[in-house]
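Reader: I'm new to this and I'd like to know where the labels come from. Can we go through them one by one?

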Amino acid sequence: DIASPDSSSPRRPRTTVPQQALFLMNSPFVIEQAQELAQRPEVATAKSPSEQVTALYQVAFARQPDVDEAQIGEQFLTTASATTEGVKLSPVEQFAQLLLLTNEFTYVD
């Protein structure tokens, strides 16, 4: 479970519960970081959804998206609405938030 952000937790069991994802999805810090990621020059100056997806993957994961990831990302950017749970986020900001919440971003293998 997610550790309390108010105290040190040097060791805890690895578990995944829905509350962890919900906490991070609604976290003002994560939302702010997603907005900052979407405003990075390499993302903000991208001219197409394809270029935006590639730029976001490059910044977040230091790699190119694979074919399926690129296709899903482009589809998301072209169909997403501009709000999330009362917070106005552009589709690019929402996709950036999604990438920040992935296991690939969270854990180093």
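Author: Sure, let's start with a crossing: the one between α5 and α6 is right-handed. Keep in mind that this is a predicted model, where local features need pLDDT of at least 70, side-chain atom pairs count only at pLDDT 80 or more, and totals for chains, interfaces and linings use all residues. Residues are numbered from 1 along each chain as its sequence is written, and side-chain values use heavy atoms, leaving out hydrogens and water.

Reader: What makes a crossing right-handed?

Author: The near helix is turned clockwise from the far one by less than a right angle; anticlockwise would be left-handed. For α5 and α6 the result is right-handed.

Reader: At what angle do α5 and α6 pack?

Author: Helix α5 (residues 67-79) and helix α6 (residues 91-100) pack at about 140°, and their axes are 8 Å apart. That makes α5 oblique to α6, because under 35 degrees is roughly parallel, over 145 roughly antiparallel, 65 to 115 roughly perpendicular and the rest oblique.

Reader: Which residues make the contact?

Author: On α5 they are Gly 73, Phe 76 and Leu 77, and on α6 they are Pro 91, Val 92, Gln 94 and Phe 95. Contact means heavy atoms within 4.5 Å.

Reader: How do these contact residues divide into nonpolar, polar and charged?

Author: Five are nonpolar, two polar and none charged. Gly counts as polar here, while Phe, Leu, Pro and Val count as nonpolar.

Reader: How many helices and strands does the protein chain have?

Author: Seven helices and zero strands; a helix is a DSSP run (H or I) of at least four residues, a strand (E) at least two.

Notes
Axes fitted to C-alpha atoms, helices over the stretch in contact; angles between N-to-C directions.
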